[in-house]
Amino acid sequence: MIIVTTDGVANKEIKEVIGYVRGSTVQSKHVGKDILASLRTIVGGEITEYTEMMTEARQRAIARMVKDAEGKGANAIVAFRLQSSAVMASASEIIAYGTAVVLD
């Protein structure tokens, strides 16, 4: 699956526009990681526990978007975007979306 943030793919022609595809996940904080993160804020620096957690959440949302596109017969996704939002104090939604297309 080719995934690009642009409206087209270099050296490829869009044969068919299938339409909107998406994948999402809601990720909550882990109590153990939250304790480590709190300690890390005292000394400063990157909170790697949350970086890893959000990386996994993004990968999960992208995989679900790809599955949606494959189910509709696409071989590429253009205009790809990622967005996150807080759904409650300790949870965030990650959504991956774009336009499914068939490339020549």
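**A four-stranded sheet and the helix across it**

In this predicted model, four strands make up an open sheet in the order β1-β3-β4-β2, and the pairing is mixed. The edges belong to β1 (2-3) and β2 (14-28), each of which has a single partner strand, so one side of each goes without a neighbour in the sheet.

Turning to the individual pairings, β1 and β3 run in the parallel sense and share two bridges. One residue pair here is isoleucine 3 with isoleucine 77, the latter in β3. The pairing of β3 with β4 is antiparallel and extends over ten bridges. These two strands form a hairpin, with two residues sitting between them. Alanine 76 has valine 101 of β4 as its bridge partner, while isoleucine 77 stands opposite alanine 100, also a β4 residue. Isoleucine 77 thus turns up twice in the register of the sheet, facing isoleucine 3 and alanine 100.

Next comes the helix. α2 lies across β1, β2, β3 and β4, and its direction makes an angle of about 145° with that of β2. Its length checks out nicely: at 1.5 Å a residue, the 24 residues of α2 should span 34 Å, and the C-alpha atoms at its ends are indeed 34 Å apart, so the two values agree. Buried residues in α2 are Glu49, Tyr50, Met53, Met54, Ala57, Ala61, Met65, Val66 and Ala69. After the helix comes glycine 73, with a positive phi near 90°.

What holds the centre of the picture is a set of nonpolar side chains. The largest nonpolar core has 15 residues, and Val21, Met65, Ala69, Ile77, Ile94, Ala96 and Ala100 are the ones touching the most other members. At least two residues of this core come from each of α2 (48-71), β3 (76-88) and β4 (91-103). α2 makes the largest contribution, with eight residues. A second core lies apart from this one; it has six residues, including Val4, Val9, Val78 and Leu103. As a general point, nonpolar side chains in soluble globular proteins tend to be buried together.

Two residues give a closer view of the packing. Isoleucine 94, setting aside residues up to four places away in sequence, touches Gly23, Ser24, Thr25, Met54, Ala57, Arg58, Ala61, Leu82, Gln83 and Ser84. One of these contacts, threonine 25, is a residue of strand β2. Threonine 25 has a relative accessibility of 7%, and therefore counts as buried. Beyond its neighbours within four places in sequence, threonine 25 is in contact with Ala57, Arg60, Ala61, Arg64, Ser92, Glu93 and Ile94. Ala57 and Ala61 are thus contacts of both isoleucine 94 and threonine 25, and both alanines are among the buried residues of α2.

Backbone geometry has a couple of oddities too. Most residues other than glycine have a negative phi. Asparagine 11 is not a glycine, yet its phi is positive, at about 65°. Asparagine 11 is in the loop between β1 and β2, and with a relative accessible area of 82% this residue is exposed. Alanine 79 also has a positive phi, near 55°, without being a glycine. Alanine 79, however, is in strand β3, and its relative accessibility of 19% falls under the 20% cut-off, so alanine 79 counts as buried.

How values were computed. Residues are numbered from 1 along each chain as its sequence is written. This is a predicted model: local features need pLDDT of at least 70, side-chain atom pairs count only at pLDDT 80 or more; totals for chains, interfaces and linings use all residues. Side-chain values use heavy atoms; hydrogens and water are left out. A nonpolar core is a set of buried Ala, Val, Leu, Ile, Met, Phe, Trp, Tyr and Cys residues joined through side-chain atoms within 4.5 Å. Buried means under 20% relative accessible area, exposed over 50%, partly exposed in between (1.4 Å probe, protein chains only). Contact means heavy atoms within 4.5 Å. Two strands pair if DSSP finds at least two bridges between them. Axes are lines fitted to C-alpha atoms, for helices over the stretch in contact, and angles run from 0 to 180 degrees between N-to-C directions. The expected span of a helix is 1.5 Å times one less than its number of residues.
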